[in-house]
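Here are some short exercises to work through with the model open beside you. Try each task before reading its solution.

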Amino acid sequence: MTRILGISGSLRKASFNTGLMRAAAVGVPDGIEFETATLHGIPLYDGDLEAEGGIPEAVTVLKQKVIAADGVILFTPEYNNSIPGVFKNAIDWLSRPSADIARVFRGRPFTLAGTSPGNFGTILSQNAWLPVMHTLGAELWSGKRLMLPKADTLFDAEGKLKDEAAHDRLAAFVKAFADHAKAAKAV
Ligand code: FNR
C-alpha cells in the first residue's frame with residue numbers, strides 16, 4: 001500500500017484547493033491510500049509559545065500524518081504571487097524542533113499542486129515553495145505539474161470538481177506521484 005497525504009493550504013470551507021484535494025482522494029487506484037489534511041487549529045508560529053508549551057497538538061497530529069506518508073502533495077493556493085501565510089506558517093511549525101526536520105522532510109517525496117481563479121493556476125506560489133522544500137531537504141517530485149487556472153469554472157456550488165478534463169489531469173498526476181513514492185520506498 002502506498003500512502004499519499006494531501007494537505008490543503010486554504011482554511012475556507014468553499015476552498016477550490018481543498019476541493020481539488022478531496023477530488024484527488026476519490027477513486028484512487030488500488031494500492032494507493034489517500035489521506036487528507038487541513039490546517040485548521042494550527043496557531044501562528046511564536047517562539048515563546050513553543051518555548052512555554054512545546055509543539056501544539058494540531059501540529060503534532062499533522063506531523064504524524066506526514067511521517068506516516070510515503071508521499072505528500074501540497075495543494076497550494078496563491079496569494080500575491082506567493083505562498084499563503086497560513087500554509088507557510090504550518091510548514092514552519094512542522095520544521096520545529098529543528099531536530100525533527102530529518103524525519104519529517106528529508107528524502108520524503110513531496111510535490112505541489114494548486115488551482116486559482118486566475119489565468120496561471122498557482123504557478124508563482126508553486127515556484128515560491130521550491131526554496132522552502134530545498135532548505136528542508138524534501139525530495140521534490142517534478143515529474144508532472146498540476147496548475148489549474150480558472151478555478152471558478154471547474155467546481156460546482158458545493159465545491160466538487162465538475163470539470164472532466166481537470167479530473168483526468170488530477171488522476172494522472174496522483175497516479176504518477178504515487179508510482180514515484182512507491183518506487184522511492186522500495187529503494
Ligand atoms: C488572492 N488570489 C490570487 N490568485 C492568484 O492566482 N494569484 C494571486 O497572486 C492571488 N493573490 C491573492 C491574494 C489574496 C490576499 C487573496 C485572498 C486571494 C485569489 C485566490 O487564488 C482565490 O481567492 C482562491 O480562491 C484561493 O484559494 P482557495 O481558498 O479557493 O483554495
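**Exercise 1: one helix and its surroundings**

The buried residues of helix 7 are Ala166, Leu170, Phe173, Val174, Phe177, Ala178 and Ala181; buried means under 20% relative accessible area, exposed over 50%, and partly exposed in between, with a 1.4 Å probe and protein chains only. This is a predicted model, in which local features need pLDDT of at least 70 and side-chain atom pairs count only at pLDDT 80 or more, while totals for chains, interfaces and linings use all residues. Residues are numbered from 1 along each chain as its sequence is written, and side-chain values use heavy atoms, with hydrogens and water left out.

Task: find what the buried residues of helix 7 pack against, and what caps its N-terminal end.

- Step 1. Locate helix 7 at residues 164-186; helices are DSSP runs of H or I with at least four residues, strands are runs of E with at least two, and both are numbered from the N terminus.
- Step 2. Check its span: 23 residues reach 33 Å from first to last C-alpha, close to the 33 Å expected at 1.5 Å a residue (1.5 Å times one less than the number of residues).
- Step 3. List the partners: strand 1 (2-8), helix 1 (16-25), strand 2 (32-37), strand 3 (71-75), strand 4 (109-115) and strand 6 (146-148).
- Step 4. Look at the N-terminal end, where Asp163 is the cap, with a side-chain oxygen 3.2 Å from the backbone nitrogen of Ala165.

**Exercise 2: the largest core**

Task: which residues have the most contacts inside the largest nonpolar core, and which element supplies its largest share?

- Step 1. Build the core from buried Ala, Val, Leu, Ile, Met, Phe, Trp, Tyr and Cys residues joined through side-chain atoms within 4.5 Å.
- Step 2. The largest such core has 27 residues, and Ile7, Leu74 and Trp129 have the most contacts inside it.
- Step 3. Helix 4 gives the largest share of this core, 5 residues.
- Step 4. Follow Ile7: beyond its neighbours within four places in sequence, its contacts (heavy atoms within 4.5 Å) include Met21, Leu62, Leu74 and Phe87.

**Exercise 3: the ligand**

Task: which side-chain atoms lie 2.8 Å from a ligand oxygen and 2.9 Å from a ligand nitrogen?

- Step 1. For the oxygen, pick an N or O atom in the side chain of Asn17.
- Step 2. For the nitrogen, pick an N or O atom in the side chain of Glu78.

**Exercise 4: one glutamate**

Task: is Glu57 buried or exposed?

- Step 1. Find Glu57 in helix 3.
- Step 2. Glu57 counts as exposed because its relative accessibility is 60%.

Note on methods
A polar contact is a pair of N or O atoms within 3.5 Å; within protein, one must be able to donate a hydrogen and the other to accept it, and residues adjacent in sequence count only if both atoms are side-chain atoms.
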